[in-house]
Amino acid sequence: MATETLTLGKALNSGLRRALETDPKVIIMGEDVGKLGGVFRITDGLQKDFGDQRVIDTPLAESGIIGTAVGLAIRGYRPVCEIQFDGFVYPAYDQIVSQVAKMHYRSRGKLSIPMVIRIPFGGGIGAVEHHSESPEAYFAHTAGLKVVSCSNPQDAYVMIQQAIASDDPIVFLEPKRRYWEKGQVDLDAPLSEAYPLHSARVVRPGTDVTLLAYGPMVRTCLEAATAAAEDGRELEVIDLRSLSPLDLGAAYESVKRTGRAVVVHEAPSNIGLGAELAARITEECFYSLESPVLRVTGFDTPYPAARVEEEYLPDLDRVLDAVDRTFGW
């Protein structure tokens, strides 16, 4: 077993490398992904080793990147498109919603679009405007797209390979402020034995409250669970991993035991993933609930300037406050 300690960013790099080695039809394309290795260096060294026909520096044109990838996917390639920052994806939104998501249905199943759209998302890095968005609800709402998000290096390594191997178009959300966090990664993990791509995972068992999160907020919830344990409360933390389709079996089982649920995400609360999760849990677990399903989210405002972003982002204190409030009913 080749287990190494890697950052989440390096784990993604290793997963992309393995995908390129495994399938000659895999290509990577995006702004500065080649010689520079991407602004976060996720593709560092790949163009040098695989050539500029497989790791392609594109013009600064997100719509063109995605539109070109659609044609490549139809012709049997497996393009992996990098959107440099979350807020840059909107020029490509028409292509993603009108073409990527609908081509399989439009062709009555005759055409597949096996492509991955990598998007570094979320805040917490002190960036300027358009660099700290959380656009997941736009894509999760779109029929025909699958949406996933990793939260740790091992999942990053495996999930990017699983996404590339899938015949469905997948929006792959990478928590950019977690790129430098380290964890153990099994580099020999066979995909055939890996945890399913579209399955949630209990990352900390507990008995008192269920915390549901994904991407950058999983660590925040784990920190909250550690703090709550000092006061005698055991919080169960579930990493959703897949936002579309949602896998809520573990969540239902957990809430029926704990009687309380808190959903945590960075995106604004209005018509976000938290609302969908709260509705489904209420429908399925109504007679087990001891309190309403609560949400801890970003605020319903544009993402703020870097100097005040810590006031915007959900943190340990806000999560623990919601946990306290679930005991108030």
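Biologist: Among contacts between residues at least 6 apart in sequence, what share joins residues at least 24 apart?
Modeller: Keep in mind that we're looking at a predicted model. Take the contacts between residues at least 6 apart in sequence, then pick out those whose partners are at least 24 apart. That share is 82%.

Biologist: Okay, and what radius of gyration does the protein have?
Modeller: Start from the chain length, 329 residues. A compact globule of that length would have a radius of gyration near 20 Å, and the protein agrees with this. Its own value is 20 Å.

Biologist: What does the C-alpha trace span along its principal axes, and what's it built from?
Modeller: On the building side, there are twelve helices and 14 strands. Along the principal axes, the C-alpha trace spans about 60 × 45 × 45 Å.

Biologist: How much of the protein is buried?
Modeller: A residue counts as buried when its relative accessible area is under 20%. The accessible surface of the protein comes to about 14,200 Å², with 51% of that belonging to carbon and sulfur atoms. Out of the 329 residues, the buried share is 54%.

Biologist: How far apart are the mean positions of the positive and negative charges?
Modeller: There are 33 positive and 46 negative charges to place. Take the mean position of each set, and the separation is 6 Å.

Biologist: Let's zoom in on strand β2, residues 26-30. Which residues are buried on each of its faces?
Modeller: The strand is mostly covered, with five of its five residues buried. One side carries Val26, Ile28 and Gly30. The other side, buried too, has Ile27 and Met29.

Biologist: Which strands does β2 pair with?
Modeller: Five bridges join β2 to β4, and the two run parallel; there, isoleucine 27 stands opposite proline 79. Another three bridges, also with parallel strands, join β2 to residues 55-57. On that side, methionine 29 has isoleucine 56 as its bridge partner. So by the rule that at least two bridges make a pair, the partners are β4 and β3.

Biologist: Now tyrosine 90. Which residues does it touch, leaving aside neighbours within four places in sequence?
Modeller: Tyrosine 90 sits in the loop between β4 (78-82) and α4 (93-100). Its C-alpha atom is 9.2 Å from that of proline 135, a residue 45 places away along the chain. Contact here goes by heavy atoms within 4.5 Å. The residues in contact with tyrosine 90 are Glu133, Pro135 and Tyr138.

Biologist: Why does tyrosine 90 count as partly exposed?
Modeller: Partly exposed is the range between buried, under 20%, and exposed, over 50%. Tyrosine 90 falls in that range because its relative accessibility is 34%.

Biologist: Arginine 108 and arginine 241: buried or exposed?
Modeller: Arginine 108 lies in the loop between α5 (103-106) and β5 (116-121), with a positive phi near 55°. Arginine 241 is in the loop between β11 (235-239) and β12, and its phi is positive too, about 65°. With a relative accessible area of 80%, arginine 108 is exposed. Arginine 241, at 1%, is buried.

Biologist: Last one: where is the peptide bond that is cis?
Modeller: Look at the loop between β12 (242-244) and α9 (249-258), which is the place of proline 245. The bond leading into proline 245 has omega near 5°. That cis bond runs from serine 244 to proline 245.

How values were computed. Residues numbered from 1 in each chain as written. Predicted model: local features only at pLDDT ≥ 70, side-chain atom pairs only at ≥ 80, totals over all residues. Heavy atoms only, no water. Helix = DSSP H or I, 4+ residues; strand = E, 2+ residues; numbered from the N terminus. Buried < 20%, exposed > 50% of the residue type's maximum accessible area, 1.4 Å probe, protein only. Rg over C-alpha atoms; globule rule 2.2 N^0.38 Å. Areas by Shrake-Rupley, 256 points an atom, 1.4 Å probe, with all protein chains shown as cover. Lys, Arg positive; Asp, Glu negative; His and termini not counted. Charge placed at Lys NZ, Arg CZ, Asp CG, Glu CD.
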